[in-house]
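Trainee: I've got this model open and I'd like a close look at just one part of it, the big sheet. Could you walk me through how the sheet is put together and what sits around it?

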Amino acid sequence: MQVPTHQPRGGAVLAGLGGWLPPRVVDNDELSRRIDTSDEWIRTRTGISRRHVVDNGLSTVDMAVQAGRRALRSAGPYGEAVDAVVLATSTPDHVCPASAPQVAAELGLSGAAAFDVNAVCSGFVYALATASGLLAAGVARNVLLIGADAFTTLLDPDDRTTVPIFGDGAGAVVLREGAPDELGAVGPFDLRSDGELADLLIVPAGGSRQKHSDDPSDHFLRMQGQTVFRHATSHMASSSRAVLDKAGWSTSDVDRFVGHQANIRILTATAKNLGLPADSLVVNIGHTGNTSAASIPLAMLDAVVDGTLRAGDRVLVSAFGAGLTWGSTLLRWPELACEPLS
């Protein structure tokens, strides 16, 4: 029997970008009237002035649909031929089933492959690698990837260490098959984890190990902030170096650094660790807060709209999140038509 020769497939190319934030805005002054904090304390330690939060029944699926619709429009004909939907989220609408199939159905994509990826704040980078694998394997030709989280639903409303940091939102991209040397080509990737440190960022109750708890705090996020800060800056820098080495790039080749928007001090410390100039940082955390899996595509969108990201820019992307998980990738920015956040 003749064995068919393997035909290597092309890479994943960014073809569309969209995002959405819920309309309810909570600024630092409003928080300071409710918990023991102040606008100055929040801004100097996190870089955040306000954040958007879900209310009036809005959910992760609702935000994902809004962002996905905008990304599909941005992608033009590629958005009309999506055959897989990947949703990066740690706040699905239900424990079961996954939220991606519902998102696909509401976008008119019933029949497409659809599933969730949960790597928390690293979710978008993990899902980028997953979507790229679908394209490389021939499972799909055009993939809609959405990062969406309603992380404020996991917070103790009286916790001054977590409430000021997080916001809700969704960001989405369309990836198509393409050549690895095209503008918009994504990769290579570096993905890592350390489950021995899972307790640094954890919601103890709600899973199979501890379904219920009489302690209300077990249902909220617990975060060891200072330790997380140290691991985030170290691992994002080491992962960034690893992916740069894979591509044969040096830090001087990087035009823009789009890191997970967790904390302005984490972003600046990571850039300094890598030897990147401060003006290479793409930052929008001031008006979004930490939107978990949505933060990187939302930062990209704002940077395209304000002209910070331009076609041809060499972009380093890196994220760190609970798990612990972290990862990085690279791309040459393409020409994209995007709708601004509203």
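Mentor: Let's go through the sheet strand by strand, then turn to its surroundings.

Keep in mind that this is a predicted model. The mean pLDDT is 94, and 97% of the residues reach 70 or more. Residues 1-8 are another matter: pLDDT stays under 50 there, and the model gives that stretch zero contacts beyond four places in sequence.

Now the sheet. It is open and built from nine strands, ordered E5-E4-E6-E7-E1-E8-E13-E12-E11, with mixed pairing. Strand E5 (113-117) and E11 are the edge strands; each has a single partner strand, so one side of each is left without a neighbour in the sheet. On average, neighbouring strands are turned by 25 degrees against each other, direction ignored.

Take E6 as your way in. E4 and E6 run parallel and share five bridges, and one pair to look for is Val 85 with its bridge partner Leu 144 in E6. On the E7 side, the pairing with E6 is antiparallel, with nine bridges. There you'll find Ala 150 opposite Asp 168 of E7. E6 is mostly covered, with nine of its nine residues buried. If you follow the side chains, Asn 142, Leu 144, Ile 146, Ala 148 and Ala 150 point one way, while Val 143, Leu 145, Gly 147 and Asp 149 point the other way, and all are buried.

Carry on to E1, which is joined to E7 by nine bridges, again antiparallel. Leu 14 has Leu 175 of E7 as its bridge partner. Leu 14 also turns up among the residues that Trp 333 touches, a list including Leu 17, Leu 183, Met 300, Val 304 and Val 315.

Trp 333 leads us to the packing. Together with Met 300, Trp 333 has the most contacts inside the largest nonpolar core, which has 44 residues. The elements that each supply at least two residues of this core include strands E1 (11-20), E4 (84-88), E6 (142-150), E7 (168-178), E8 (185-193) and E12 (314-321), along with helices H5 (123-137) and H9 (295-305). H5 gives the most, with nine residues. Apart from this core lies another, of 40 residues, with Val 120, Cys 121, Val 163 and Leu 200 among them.

Thr 130 is a handy marker in H5. Thr 130 is partly exposed, at 29% relative accessible area. Beyond four places in sequence, Thr 130 touches Phe 115 and Val 117.

Towards the other end of the strand order, look for helix H6 (residues 225-247). H6 lies across E8, E11, E12 and strand E13 (325-332), running at about 40 degrees to E13.

Just past E11 comes His 260, in the loop between strand E11 (256-259) and helix H7 (264-274). Is His 260 buried or exposed? His 260 counts as buried because its relative accessibility is 2%, and the cut-off for that label is under 20%. Its side chain makes a polar contact with the side chain of Ser 295, at 2.6 Å. Beyond its neighbours in sequence, the contacts of His 260 include Cys 121, Met 236, Asn 290, Ser 292, Ser 318 and Phe 320.

That brings up Ser 292, from the loop between helix H8 (285-288) and H9. Ser 292 has a positive phi of about 55 degrees although it is not a glycine, and at 1% relative accessibility it counts as buried. Asn 56, in the loop between strand E3 (50-53) and helix H3 (60-75), also has a positive phi of about 55 degrees. Asn 56, though, is exposed, with a relative accessible area of 78%. For background, most residues other than glycine have a negative phi, and most peptide bonds are trans.

Finally, some backbone details to check in your viewer. Gly 187 and Pro 188 are joined by a cis peptide bond with omega about 5 degrees, and Pro 188 is in strand E8 of the sheet. The peptide bond from Cys 96 to Pro 97 is cis too, with omega near 5 degrees; Pro 97 lies in the loop between E4 and helix H4 (100-106).

Terms used: Residues are numbered from 1 along each chain as its sequence is written. This is a predicted model: local features need pLDDT of at least 70, side-chain atom pairs count only at pLDDT 80 or more; totals for chains, interfaces and linings use all residues. Side-chain values use heavy atoms; hydrogens and water are left out. Helices (H or I, at least four residues) and strands (E, at least two) are DSSP runs, numbered from the N terminus. Buried means under 20% relative accessible area, exposed over 50%, partly exposed in between (1.4 Å probe, protein chains only). A polar contact is a pair of N or O atoms within 3.5 Å; within protein, one must be able to donate a hydrogen and the other to accept it, and residues adjacent in sequence count only if both atoms are side-chain atoms. Contact means heavy atoms within 4.5 Å. A nonpolar core is a set of buried Ala, Val, Leu, Ile, Met, Phe, Trp, Tyr and Cys residues joined through side-chain atoms within 4.5 Å. Two strands pair if DSSP finds at least two bridges between them. Axes are lines fitted to C-alpha atoms, for helices over the stretch in contact, and angles run from 0 to 180 degrees between N-to-C directions. pLDDT is the predictor's confidence in each residue, from 0 to 100.
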